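Here is a walk through a multichain model. It goes from the contacts between chains to the details within them.

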Amino acid sequence: MEPELRDYVGELLDSGTVAGVLALKDELGAVKPYLFTKNNEIGDLVLTSKYPLASVMSMLQKEDPSIKLAIVCRGCDERALIELAKRNQINLDNIVFVGIPCDEEMADKCNCLQPYPKEIVTGEKLSNWVPKNNYEDFKNMSTEEKLIFWKGQLEKCNKCYGCRNACPLCFCSDCELENALWVKHGRLPPEFPIYHVIRAFHLAGKCVGCGECENACPVGIPLMTLNHLLREDIKDLFGYMTGQDIEDENPINTKEEY
Amino acid sequence: MKYDNILTTCPYCGCGCKYYIQVINGVAKGVMPCKEDPVSEGKLCIKGWNVVDFVYSEGRLTKPLIKENGKFREASWDEAYNLIVSKFKKIKEQHGPQAFGLLSSAKTTNEENYLMQKFARSIIVTNNVDHCARLCHASTVAGLAAAFGSGAMTNSIPEFEDADCFLITGSNTTEQHPLIGSRILRAKERGAKIILVDPRLIQLAKFADIHLRQKPGTDVAWLNGLMYVIIKDGLVDEEFVKNRTENYEKLKKEVMNYPPEKVEEITGVPKEDIISAAHIFGNAKTASIIYSMGITQHTTGVDNVKSCANLAMITGNMGKACTGVNPLRGQNNVQGACDLGALPNVFPGYQAVANGEFREKFEKAWKMDDKIPENVGLTVVEMTNEAHAGNIKCLYIMGENPMVSDPDINHVKESLESLDFLVVQDIFLTETAELADVVLPGTSFLEKDGTFTGTDRRVQRVRKAIEPLGESKPDWLIISELASRMGSSAFEYNSPKEIQDEIASLTPLYGGISYERLDDLGYLQWPCLDKDHKGTVFLHKGKFTRGLGCFFPITYKPPAELPDKEYPFTLTTGRILFHFHTGTMTRCVPKLDKEVPTGYVEIHPVDADRLGIKDGEIIKVSTRRGTINIPAYITRKVPEKIVFIPFHFKECAANILTNPALDPIAKIPELKVCACKVESIGE
Amino acid sequence: MTEEFKPKIVGFLCNWCCYAGADMAGTSRMKYPSNIRIIRVMCSSRINTEMIIKAFQTGADAVFIGGCHFGDCHYVDGNYRTKKRIDVLKRLLSHMGIEQERLRLEWVSAAEGEKFSKTMAEFTDTITSLGPSPLREIKEEAI
């Protein structure tokens, strides 16, 4: 998959279609986000890891709104870009999508609902993909058990804000998590459960299921459980899925009855 | 547009997390965790996430400053260098090299620490070089070196994940070493047992299987108490004690004086808890002792450390994975600064200055005509005292802030003011730099290359991400240029890589470490003896560095200052998650400042009630050294009769209060215990 | 623990309809339980998640939100948003282990004093039988 992809993006650069390609680069035994601007670097482009490239793209566009860039994106990256565009955080006209599908291992790791973007330039979409974990264990808990579960989990929180920082959809410059009216400053762990409820709620109708928040959590709080359940709820209540079409509005924000 | 991510090592605590700095067109924009990093695994704490903000903070020094008529003016590098060279030469002529003291820095790179001690020993020709490890883990270096032959953390961070039992004492791990704390929590979820020994109800207390809340400064007593139970109940690893250690009988004789009843009397910990903690620890397959400043910052610091070593050895928890005695080092590179000889008694790699062969080796390598003195130099607190007495005339301080970090600040201030000449090299105009005659602008970790050595002896690269701000220069370059102007030809380096090569050639512990290998492997843990050596994950496998592990029988001694009628409270100090040390870096980061904008004193509701103190009220805390006004934080985190103050905040500096009484061997001050008085000043 | 449990209910009432309805109940001398502490807001959609959670966290056993009937919103469509927001939040609360019955949204017009007093009585009963909010206990242990 990588050689074909390298040819494809090399062509985008050579032809002058884009000024750079945002993708992952193998360097010093690790993989990092990188903006490829020359064809001769493309040999280091890899697909072996996952980083929140959508937020990087948004940062690059803010730096230079006129620049046209390509992005090698997975399903979650594409969904995040679409959600960002809905909220005027990014200009899709200046982005060339270079879609790649996730393999089974990666899709499993993220328990992804949709491990591929709309169009792919290489590889194959997983067919008939259904995520294995349906969070049945959690759903079978009683209300009381759920509270005990979350209390135990959230007591570990050390307020790094990593879940927010790593989230491609958390773009507010003033974050309610830092508002002392809701969450007392400087206390560890933050009071149960407001910090995490605020974050979960703010992502309702926004979360694209990339799993970066859970990956970034130093103490292993299963944040995707909440996100996953809320995504199910949003689908159940409003029939809405995030990251599908830029024309779909987040139903929580619309004024229509449902 | 150019967008890149530069892999570098965090400049805060000793965990040694590597992460990326996101750079757009030469400007650092933020942090991106590195998912392949073995320590952080793509996770960070709040300080790490916001690291870029301090680098660009307004307070950064960008030009040399010279003090004239009590005021600073900007100067050129030439002017600053010339002034320093002429003053240094004059003072050396008049008062001799022993009138100098040099403070190196646990914040700077290994290469810079190496150069600083090289400058002290070869240019000034004195062993008066030390750094803030004196204030944190000097007792570890001394205690563990005596017991095992090596003064460093025995095991590695990733091993914590698989340990069966932790004894955590004097370390608020989830706040001070968040990425180590998170591993402990993960181990707990897997079923590991946690024994916490700490007077305060810290976050870890909720996850501890047993929490012993000892009176501050009674550590030898409870450690002996645990060993008493372990010996009495047959939980000693006889095989290990017989084959790997010496002096056991003497230890046993001493420890037998500490039955749980007596320990309860001294420490305030119920005897049942001592017994069950001893059983948990003694029965664990692999048990790891984790400690930090709560053990070391005492007049009995070395005793405490040796007691921890005793406990690990009688249970055979040494020289294996997931065990050991694990001091967590507070600074990103405090391990490296010690390793590279920024200490008054050793050259790089702990080669003693008292040894003529080593002196000769370094004199030759450094192209010296003079002879390096064989006497051990002065330590941090001794330097201040000698300055006060008029025997030290000149201090050259790099990246340290004794005006906030050292005990009894009023005394420190008088000492620094009585100097003939003070040079401070820093990135900010710190409280210490304010008192300097010349201030040299160094650079932050983002603007230079080098290596840091993390708490588990992990040597990792620091990579330059952006150009130095203004006219500031990397510290290695400043020391080299100054040395060259002092007339040396042994300081001509084009890059830190060349310095590392010189270090490797002179320091067996670092012998196999080179930039090429670090690029390939990501990290190397010393001892790393040669180019083919893979580094050492845990120490003392099969054999202790000193041969046999040595037991030291230790008698309990109370702290230097105990509460009395006039000063009825016990004051203990420490750090908090959101800030770092003297606050020079973290307090100019908006997101951290917002969380905790100023200091506070934690006081128990019962005490607060009795004294009529309300939450948030400014109160007066005083000791025999001084008085501060500070907001009260009423909380059950502290026991009754004990108050806690984080020491980061200069406007209510805990170290105005602390006791400079020293451990007799390690010369570490007793920052963790002193007697104090708490008063309400409101109407 | 023999003391009878009297739930604390925080009520956020829209200025134009529900608050006027409560007023109506008062002036008409209709009786309803005194468990509710009323906070007047300009629109039910002014209430965000943070306020509701904060109310629970500071000791409320239940939260009541009263707005205008659909079509009657003084700001045209505020209450449509309120409805969706509260429905999602109820689900989130139950995932967190807080009974979703503790959060209730009702439309009460300025003329519906009786509906207000009946709703209050009924809601107080529901919460009384549910017992104290589980967050109360947690709050107490955190001090």
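**Salt bridges and the chain interfaces**

Over all chains, a search of the whole structure finds 67 salt bridges. The model is a predicted one. Side chains of opposite charge can pair when their charged atoms come close. One such pair is Lys594(B) with Glu178(A), whose side chains meet in a salt bridge at 3.3 Å, N to O. This pair crosses between chains. Lys594(B) sits in helix 24 of chain B, and Glu178(A) lies in the loop between helix 7 (162-166) and helix 8 (194-202) of chain A.

That pair leads to the interface of chain B and chain A. Here 41 residues of chain B are in contact with 46 residues of chain A. Between them the two chains bury about 3,800 Å². Carbon and sulfur atoms account for 57% of that area. Which residues of chain B lose the most area to chain A? They are Met1(B), Tyr3(B) and Lys35(B), together 18% of what that side buries.

Charge and polarity also feature at this interface. The rule finds 8 salt bridges across the interface of chain B and chain A. In one salt bridge, the side chains of Lys32(A) and Asp4(B) meet at 2.8 Å, N to O. The rule also finds 24 residue pairs in polar contact across the interface of chain B and chain A, with both residues at pLDDT 80 or more. Several elements of chain B give two or more residues to the side that touches chain A. The strands are strand 1 (3-9), strand 2 (18-24) and strand 3 (27-33). The helices are helix 1 (46-49), helix 7 (173-176), helix 8 (178-189) and helix 24 (590-595). Helix 8 of chain B gives the most, with 6 residues. By type, the side of chain B that touches chain A divides into 20 nonpolar, 6 polar and 15 charged residues.

Now follow helix 8 of chain B away from the interface. This helix lies across strand 8, strand 9 and strand 12 (287-291) of chain B. Helix 8 of chain B runs at about 140° to strand 8 of chain B. Helix 15 (residues 301-314) of chain B packs on the sheet too, touching strand 8, strand 12 and strand 13 of chain B. The direction of helix 15 makes about 170° with that of strand 12 of chain B.

What is the strand order in this sheet of chain B? The order is 10-9-8-12-13, with 5 strands forming an open sheet and parallel pairing. Strand 10 (210-212) and strand 13 (325-327) of chain B are the edge strands, and each pairs on one side only. From one strand to the next, the twist averages 15°. Within the sheet, strand 8 (residues 165-169) and strand 9 (residues 193-197) of chain B run parallel and are joined by 5 bridges. Cys165(B) stands opposite Lys193(B) in strand 9 of chain B.

Chain B also has an antiparallel pair. Strand 28 (residues 659-662) and strand 29 (residues 669-670) of chain B pair in the antiparallel sense over 2 bridges. Asn659(B) has Glu670(B), in strand 29 of chain B, as its bridge partner. The two strands form a hairpin with 6 residues between them. In its turn, Lys667(B) has a positive phi of about 60°. His581(B) is another residue to inspect: phi is near 45°, a positive value in a residue other than glycine. His581(B) is found in the loop between strand 23 (569-574) and helix 24 of chain B.

Next comes chain C. Here 29 residues of chain C are in contact with 36 residues of chain A. The area buried between chain C and chain A is about 3,100 Å², and carbon and sulfur atoms give 68% of it. Lys84(C), His95(C) and Met96(C) supply 24% of the area that chain C buries against chain A, more than any other three residues.

Across the interface of chain C and chain A, the rule finds 2 salt bridges. Asp233(A) forms a salt bridge with Arg91(C), the closest N and O atoms being 3.2 Å apart. Helix 2 (49-57), helix 3 (78-96) and helix 5 (134-142) of chain C each give two or more residues to the side that touches chain A. Helix 3 of chain C provides the largest share, 13 residues.

Finally, return to the loop between helix 7 and helix 8 of chain A. Pro189(A) lies in this loop, and the peptide bond from Leu188(A) to Pro189(A) is cis, with omega near -15°. Pro193(A) is found there as well. A cis peptide bond joins Phe192(A) and Pro193(A), with omega about -10°.

Key:
Residues numbered from 1 in each chain as written. Chains lettered and ligands numbered in written order. Predicted model: local features only at pLDDT ≥ 70, side-chain atom pairs only at ≥ 80, totals over all residues. Heavy atoms only, no water. Contact = heavy atoms within 4.5 Å. Buried area = accessible area lost by both parts, 1.4 Å probe. Salt bridge = Lys/Arg side-chain N within 4 Å of Asp/Glu carboxyl O. Polar contact = N/O pair within 3.5 Å; in protein donor to acceptor, adjacent residues only side chain to side chain. Helix = DSSP H or I, 4+ residues; strand = E, 2+ residues; numbered from the N terminus. Nonpolar A, V, L, I, M, F, W, Y, C, P; charged D, E, K, R; others polar. Pairing = 2+ DSSP bridges. Axes fitted to C-alpha atoms, helices over the stretch in contact; angles between N-to-C directions.
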